[in-house]
Amino acid sequence: MSIHLALEIDGAGSHPGARGGLPDTEAVAVAEAAGFALITINDSPLSPSPEAGVRASHLARRTRRIGLAPTLHPALTEPFHLATQLAALDHASQGRGAWVVGAENSAAAHATIGGKPLSDDALRREISDVIDVARLLWDSWEDDAVIRDVASGRFLDPDRVHHVNFTGERFSVVGPLITPRPPQGQLVVIAAADISDKSDVALVAAPTIDELAARAKQTNVPRVFAEVEVLLGEDRLAELDAREPWGEPARLRFAGDAEEFRALLATLDGIVDGVRLHPAVLEIDLPRLAVATRRGPVGGPTLRDTLGLPRPVNVFAGEP
Amino acid sequence: MTTHRLHLGLFFTGVGPQLLWSQPDFAEHTHIDTFVQTVRTLERGLFDAFFLGEGLRVRENRGRVHDLDVAGRPDAITQLSALAAETERIGLVATQNTTYNFPFDLARRLASLDHVSGGRAGWNIVTTDNAWTGENFRYGGWLPHERRYERAAAFVEMARNLWGGNRVDTHGDLVDVAGSLGVAGNPVLFQAGDSPGGRDLAARFADAVFSANTDYDKAQAYAADLTTRLEAYGRTRDSLKILPGAQVVLGDTAKEAAEKADWIQREQTTGPRAIAFLEQYWNKDLSGYDPDGPLPDIEPAEGELDPSRGTISVEHRTGKLERIAEWRRLDLSIRELVLHVTPRHNTFVGTPGQVADEWARYVRTRAVDGFNLVPQLLPGSVEDIVDKLVPELQERGVYRTEYEGRTLREHMDLA
């Protein structure tokens with residue numbers, strides 16, 4: 001099993017001098033053909049792009065194998081809507097939905113909902129609560145809740161559709177979800193390692209391989225992905241930096257050729273389960289990455305299958 | 001004289017007794033393939049739009065999930081975004097309420113749907129004050145009944161400002177938003193409420209109304225009332241399309257259609273459903289009663305109606321004892337009573353030619369501009385309408401023979 005590949009497709013690229021960008025459908029077609037396990041879509045209420053959940057769902061019907069992971073921000077949404085939107089994405093993509101847990105907490109973002117930023121601790125607790133309630137809501141319909149029993153006139157078995165009765169610090173939700181259980185049971189939850197350890201995939205950002213290895217070792221989450229900025233073709237760096245300097249890296253940064261990139265992946269393969277790639281310039285580096293990876297599409301059919309994550313047992317199963 | 005043409009939408013409710021799930025060929029109504037199939041059929045039938053309903057809490061009966069009707073639906077905007085990739089022309093309309101959404105967030109998601117669909121998004125604006133639904137949301141039942149349209153108006157105004165590219169900065173007790181949207185849009189606005197507040201909201205903001213008035217005389221009276229309200233806002237009748245919700249039952253002969261309509265109604269009112277209907281009023285377990293026998297001889301529980309089905313309108317939330325006394329005087333069986341008090345309404349029954357003749361009269365006299373059709377059979381109702389009724393409408397010159405435009409606004413002849 002070789003290292004899993006994820007790709008961030010929002011915006012022009014991770015280098016501040018990047019310009020342009022790619023239409024979602026093009027970026028994802030390239031990524032899918034090149035064997036990426038999933039794409040992620042960064043977002044914020046103030047983004048110049050359409051909302052990430054809408055973009056991901058639109059891509060669901062233009063792709064067959066690749067996972068689709070919009071960023072949704074717990075502190076800025078209704079947890080019930082968030083869980084419903086993601087469940088619908090998983091249904092529309094037939095089991096390829098995932099969620100990048102966002103930690104947007106700026107004053108400008110909160111002003112869109114008439115709120116104020118949370119303290120770091122309060123934000124963590126809010127994120128933790130929203131992950132918990134989303135997972136409960138995805139389980140609130142058991143897999144076999146719909147019985148269609150003509151003899152008794154019952155469409156569903158009410159003993160298999162559950163109130164979640166969740167009370168968090170800042171909100172409560174009774175449930176159940178309005179949407180039946182997602183095909184994957186629960187969507188793949190992806191979160192930065194320093195935000196939450198309740199995810200299925202932890203994103204680890206560190207500027208050196210040693211630091212990355214140390215952080216990955218401390219992370220107690222089923223899958224660990226390294227955040228990696230990628231520029232293929234070092235000769236372009238000076239020109240980009242002249243436009244706007246890249247600055248000090250907060251995550252692993254690669255600039256080199258395809259061979260060197262493959263060597264980096266081989267090294268990382270022993271340290272993490274996957275990488276999330278942030279092309280320096282999406283429209284230039286993505287096509288180059290696609291050539292460099294030398295892979296065909298992932299198997300699927302669900303994202304959990306691709307990542308080797310089991311379909312979660314329903315926490316309500318067997319409960320009256 | 002301009003020939004007015006019918007605009008058709010399909011309202012995919014996703015819950016409730018209309019859909020006959022007991023039929024062997026019932027298409028699994030929550031599966032994405034069913035949605036894809038349905039919108040493709042509708043696009044073949046040159047429909048203006050596909051509507052998704054909304055209900056933010058699963059219906060219950062006496063504290064348990066109501067088990068007799070279809071239930072389960074996707075998030076509307078998410079689902080329509082997926083369907084946008086499967087279609088090219090049909091409008092995609094999400095029912096979304098103004099009570100349990102953040103205005104900026106909803107405006108952004110609707111604009112995003114408009115963007116990915118190339119201008120095919122619509123918003124069916126609904127309000128609620130239902131605190132029982134509010135238990136799924138951050139602020140619970142925060143909005144007083146009498147202020148729900150005030151909130152809706154402020155919400156819609158805000159959304160339109162944002163879509164127009166303006167920065168908003170409003171800090172009221174009903175709406176508190178500051179910011180500007182990075183994505184523009186111009187979704188078609190539908191309004192569904194039939195109360196005076198709802199009609200006024202429609203006259204002020206809506207591009208189309210999804211009314212409940214299908215009887216010809218009522219439809220004309222409704223159109224006249226709306227015309228007056230529109231004038232108060234400096235608008236004309238042409239700027240607002242009227243599309244009542246309706247059901248259609250077709251047969252090869254009038255007799256066959258009538259029999260089918262009766263069969264559908266009886267299937268929709270099964271014995272267990274009739275009992276469940278009464279349980280809302282009695283608020284007691286009535287499962288021991290025979291649906292084909294007399295009304296329960298026991299007295300109903302004290303207190304007003306259990307709102308947990310999420311279906312009881314405000315005017316029916318009080319006065320239940322008087323209503324029950326009235327029912328007893330009718331001396332009907334439980335099932336017959338329920339058939340009697342929930343009559344088949346908004347249903348056109350006949351051969352495709354008969355229904356087409358009737359609809360042609362409605363639209364030529366501007367009593368309506370079209371219909372928003374609720375299917376009973378999936379996929380049967382949709383296929384019947386598209387394959388049998390649409391050709392008859394085209395023959396009468398009251399329905400398009402191809403899509404001329406690309407956007408929902410263009411399909412609906414809206415500015």
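A residue is called exposed if 12 or fewer other C-beta atoms lie within 10 Å of its own, buried if 20 or more do, and partly exposed in between. The exercises below apply this to a predicted model.

**Exercise 1.** Decide whether A:Arg148 is buried or exposed, and describe its backbone.

*Solution.* Begin with the count: A:Arg148 has 12 C-beta neighbours inside 10 Å, and therefore it counts as exposed. Next, locate the residue, which belongs to strand β5 (residues 146-149) of chain A. Finally, look at the backbone angle: phi of A:Arg148 is near 45°, a positive value in a residue other than glycine. This deserves a remark, because most residues other than glycine have a negative phi.

**Exercise 2.** Carry out the steps of Exercise 1 for A:Gln94, and state in which loop this residue is found.

*Solution.* Around A:Gln94 there are 19 other C-beta atoms within 10 Å, so the residue is partly exposed. As for its place, A:Gln94 sits in the loop between α3 (79-92) and β4 (98-101) of chain A. Its phi is near 55°, which is again a positive value in a residue that is not glycine.

**Exercise 3.** Find which residues are joined by the cis peptide bonds described here for chain A, and say where each proline lies.

*Solution.* One cis peptide bond joins A:Gly175 and A:Pro176, with omega about -5°. The proline of this pair, A:Pro176, is placed in the loop between β8 (172-173) and β9 (188-192) of chain A. Another cis bond links A:Gly300 to A:Pro301, and there omega is about 0°. A:Pro301 lies in the loop between α9 (282-293) and α10 (303-307) of chain A.

**Exercise 4.** Describe the largest nonpolar core, and follow one of its residues outward to its contacts.

*Solution.* The largest nonpolar core has 215 residues, and those with the most contacts inside it are A:Ile39, A:Ile190, B:Phe50 and B:Phe190. Within chain B, this core draws at least three residues from each of domain 1 (7-252 + 346-411) and domain 2 (270-341). Now take B:Phe50: leaving aside residues up to four places away in sequence, its contacts include B:Gly9, B:Leu10, B:Phe12 and B:Val39. In general, nonpolar side chains tend to be buried together in soluble globular proteins.

**Exercise 5.** Explain why chain B is as compact as a globular protein of its length.

*Solution.* Start with the secondary structure of chain B, which comprises 14 helices and 14 strands. The radius of gyration of chain B is 22 Å, close to the 22 Å that the globule rule gives for 415 residues, and so the chain is as compact as a globular protein of that length. Of these 415 residues, 48% count as buried.

**Exercise 6.** Work out how many residues each chain gives to the contact between chains A and B, and which element of chain B supplies the largest share of its side.

*Solution.* The contact takes 49 residues from chain B and 47 residues from chain A. On the side of chain B, the largest share, 8 residues, comes from α3(B). Sorted by character, the residues of that side of chain B divide into 23 nonpolar, 14 polar and 12 charged.

**Exercise 7.** Compare the surroundings of two residues, B:Thr95 and B:His145, that an unreviewed UniProt entry lists under "binding site".

*Solution.* B:Thr95 has 22 other C-beta atoms within 10 Å and is therefore buried, and its place is strand β5 (residues 91-97) of chain B. B:His145, by contrast, has 15 such neighbours within 10 Å, so it is partly exposed, and it lies in the loop between α4 (131-134) and α5 (148-163) of chain B.

Key. Residues numbered from 1 in each chain as written. Chains lettered and ligands numbered in written order. Predicted model: local features only at pLDDT ≥ 70, side-chain atom pairs only at ≥ 80, totals over all residues. Core = buried A, V, L, I, M, F, W, Y, C linked by C-beta atoms within 7 Å. Domains from an automatic or database assignment. Contact = placed C-beta atoms within 7 Å. Helix = DSSP H or I, 4+ residues; strand = E, 2+ residues; numbered from the N terminus. Rg over C-alpha atoms; globule rule 2.2 N^0.38 Å. Nonpolar A, V, L, I, M, F, W, Y, C, P; charged D, E, K, R; others polar. UniProt positions renumbered as here; feature names shortened; annotations may be inferred.
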